[in-house]
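Hello,

Here is the structure I promised to pass on to you. Please open it beside this email, and then read on for what I found in it.

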Amino acid sequence: MPTHTPPAPPRVLPALITALRADLTAARFTSGRIEELLGEVALGALRRENPVPARRILATSTDPAAVLAQLFTLGVALPRPAVEAALPQLSVDGAAQLGLVCLGPISEGTGSTCTSPIPGADGNLLVHPLLDLSPYSATDDAGEITWWIASDLSELATGAALHPEHVLGVGGASLTLARLTPRTPTGRVLDLGCGGGIQALHASRHAEHVTATDLSERALADAAFTAALNGIDLDLRRGSLLEPVAGERFDLIVSNPPFVITPRTADEDASGGWTYRDGGRAGDTLLAELLQDLPGHLAPGGRAVMLGNWEITDVEDPFAHPTAWLQHALADGVDAWVIQRESEDPAQYAETWARDGGITDRDPRWAELITAWLEDFAARNVTRIGFGYLLLHRPEDSQSPTPSAAQPTARSGARPAPARRGVLRTEVVPGTGSGTLATHLAAGQDMIARLATLSDEELLASRLIRAEDVVERRHLTPGQFDPMLIELVQGAGFARTVPADQLLAATVGALDGTLTLGQVIGAVCALTDADADAAQAQLLPQIRELLITGMVTL
Ligand SMILES: C[S@@+](CC[C@H](N)C(=O)[O-])C[C@H]1O[C@@H](n2cnc3c(N)ncnc32)[C@H](O)[C@@H]1O
């Protein structure tokens with residue numbers, strides 16, 4: 001499969017963007033409308049990256065939304081009259097001025113460029129799409145969201161492998177991160193590695209100011225175009241990692257960083273050096289570098305939500321790499337929570353990311369690429385690669401001076417000591433949870449901070465309440481009275497299942513806020529003849545854990 005060379009990014013020309021917005025609105029070019037036009041079968045196929053049924057259905061429709069979807073999502077060149085009818089205010093010439101379409105075929109080369117128009121068999125010129133402009137819909141606390149997002153044409157539209165400077169549209173990882181990000185009203189937000197800007201757009205709905213950074217000029221141009229098209233104000237800056245925000249602090253940092261671990265060779269293009277996803281570093285060192293400086297950019301009370309991959313060399317200690325990366329954060333008083341959602345072996349990982357870049361097992365580059373990946377992992381004794389979430393939280397009372405190149409850094413040892421060392425929590429949570437996870441995770445982070453300074457005596461004196469979504473599940477051998485297994489099962493959040501014995505189940509069952517935890521434990525021990533000291537020693541860590549997971553509230 002050839003590699004598609006992306007064209008020059010779209011231009012922000014305000015009057016033409018206003019006309020485009022009017023046309024997209026009039027055409028009802030929304031996710032809902034496209035779903036209606038496609039129907040279940042074509043939509044399902046499209047989600048499996050098979051565009052054929054969608055092309056077939058949309059080709060029979062003159063609906064302006066169908067025309068726009070063919071052109072800008074499926075990458076189909078269309079006769080000029082059809083496009084003129086779908087873009088009456090902007091016109092095809094206006095779309096060409098914005099850099100959205102070519103009036104002649106696109107030549108692949110050092111940058112896709114428009115060649116001279118050639119009339120089709122019917123005498124009409126064909127309009128060729130230069131980028132993907134897709135509708136996006138979501139719902140948040142502020143209501144329904146309907147945006148249009150500009151990115152490079154996908155592999156599905158071009159039939160070609162992705163270029164290193166490709167700008168991604170909204171993908172699964174983007175949506176995962178959006179779902180993890182707290183949406184409470186906040187002050188300053190940073191979207192690091194913003195790509196086409198989806199996280200920044202979401203943040204604009206609940207933040208006073210959004211800064212979005214990227215190394216890629218093309219990505220920033222797409223983000224600027226998308227922001228202008230949707231009437232959203234973003235502070236866009238170019239640079240690597242935290243360079244563009246030196247000396248600044250944020251209340252929320254959100255990042256889907258270029259975390260994909262890629263073998264490095266002298267010839268990056270041939271080896272699959274994809275800026276849009278791997279950041280050009282060896283192994284998983286980009287995250288190590290980022291997490292060294294990121295905590296210093298968190299304002300008191302600030303949070304960071306990131307996705308990441310990490311190398312696992314010892315399956316007994318899958319979090320060794322994130323733990324090492326986060327030592328600086330912990331020393332700076334920042335709490336960290338690392339959640340591994342899944343892991344892959346080196347061959348699975350290489351296959352996943354080769355395919356993601358549009359290189360399939362029929363591509364002549366496949367064998368060489370997979371071999372390079374396997375050798376790269378073998379060189380560092382990597383047996384698995386973890387994928388998950390990294391959440392940071394600087395509690396309100398934690399000290400951190402404004403970071404600045406001119407100021408002493410924590411590494412020089414000259415910073416004031418934090419009020420306490422941060423807490424690190426690592427866990428494997430296979431499921432993706434139910435509903436929005438953001439509120440659940442933020443509450444967990446707050447509880448981690450609260451418990452760090454709450455003594456056992458204070459905990460015993462607290463009136464705890466079992467969460468409403470927690471039920472008890474008992475497994476019994478048929479005919480037996482005593483359960484062989486008791487589980488506490490959560491409905492919301494990560495829908496966790498926690499094994500419990502009679503003591504824990506009885507204690508949690510009685511936590512309705514009437515008695516203190518100490519009184520409940522005393523009563524359960526009196527009823528069951530359990531030793532009170534031994535019961536407390538067992539139950540206190542278990543209850544702390546249930547508080548963090550939201551199964552019990554304080
Ligand atoms: C996986 S994409 C994320 C895009 C978008 N934020 C999302 O959630 O869909 C990673 C982005 O990081 C950018 N990037 C790569 N190396 C970078 C670096 N050293 N510093 C900042 N951004 C970088 C890429 O250009 C790309 O836009």
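**What I found**

Let's begin with one residue: L190 is found in strand 8, which covers residues 186–192. Please keep in mind throughout that this is a predicted model.

Is L190 buried or exposed? Its relative accessible area is 0%, so L190 is buried. If you leave out residues up to four places away in sequence, L190 touches T211, T213, L242, V245, F250, L252, I253 and V254. You can also pick out L190 and E248: they are 58 residues apart in sequence, and their C-alpha atoms are 9.8 Å apart in space.

For a contrast, try G518, which lies in helix 21 (residues 517–528). G518 is partly exposed, with a relative accessible area of 23%. G518 and A150 are 368 residues apart along the chain, and 57 Å separates their C-alpha atoms.

**The whole chain**

Now zoom out. The protein chain has 22 helices and 20 strands. Along the principal axes, its C-alpha atoms fill a box of roughly 95 × 60 × 50 Å. How does the radius of gyration of the protein chain agree with that of a compact globule, and why? A compact globule with 554 residues would have a value near 24 Å, and the protein chain has 27 Å, so the two agree.

What share of the 554 residues counts as buried? The figure is 51%. As for contacts with a separation of 6 or more, residues 24 or more positions apart account for 71% of them. On the outside, the protein chain exposes about 23600 Å², and carbon and sulfur atoms supply 55% of that area.

The protein chain carries 40 positive and 68 negative charges, and the mean positions of these two sets are 3 Å apart.

**Salt bridges**

How many salt bridges does a search of the whole structure find? It finds 27, and here are some you can look up yourself.

One of them joins R205 and D140, whose closest N and O atoms are 2.8 Å apart. R205 lies in the loop between helix 9 (198–203) and strand 9 (207–214), while D140 lies in strand 6 (residues 132–140), so this pair ties together parts that are 65 residues apart in sequence. R205 is partly exposed, at a relative accessible area of 29%. D140 has 16% relative accessibility and counts as buried, because the cut-off for buried is under 20%.

Another salt bridge is where the side chains of E217 and R238 meet, at 2.8 Å from N to O. E217 sits in helix 10 (residues 217–229) and R238 in strand 10 (residues 235–238), so here the parts tied together are 21 residues apart in sequence. E217 is exposed, with a relative accessible area of 52%.

A further salt bridge is formed by the side chains of D332 and R394, with 2.7 Å from N to O. Which parts does this pair tie together? D332 lies in the loop between helix 15 (327–331) and strand 13 (335–344), and R394 lies in the loop between strand 14 (384–393) and strand 15 (424–428), so the pair ties together parts that are 62 residues apart in sequence. D332 is buried, with a relative accessible area of 5%, and R394 is buried too, with a value of 0%.

There is also a network to look for: salt bridges that share partners join R188, D235, R237 and E248. You have met E248 already, as the residue whose C-alpha is 9.8 Å from that of L190.

**Two backbone angles**

Finally, have a look at phi in two residues. In S91, phi is near 75 degrees, a positive value in a residue other than glycine. S91 lies in helix 6 (residues 91–98) and is partly exposed, with a relative accessible area of 24%.

Where is A495 placed? A495 is in the loop between strand 18 (485–490) and strand 19 (497–500). Its phi is near 50 degrees, again a positive value in a residue other than glycine. At 38% relative accessibility, A495 counts as partly exposed.

Enjoy exploring it!

Best wishes

Technical notes: Residues numbered from 1 in each chain as written. Predicted model: local features only at pLDDT ≥ 70, side-chain atom pairs only at ≥ 80, totals over all residues. Heavy atoms only, no water. Helix = DSSP H or I, 4+ residues; strand = E, 2+ residues; numbered from the N terminus. Rg over C-alpha atoms; globule rule 2.2 N^0.38 Å. Buried < 20%, exposed > 50% of the residue type's maximum accessible area, 1.4 Å probe, protein only. Contact = heavy atoms within 4.5 Å. Areas by Shrake-Rupley, 256 points an atom, 1.4 Å probe, with all protein chains shown as cover. Lys, Arg positive; Asp, Glu negative; His and termini not counted. Charge placed at Lys NZ, Arg CZ, Asp CG, Glu CD. Salt bridge = Lys/Arg side-chain N within 4 Å of Asp/Glu carboxyl O.
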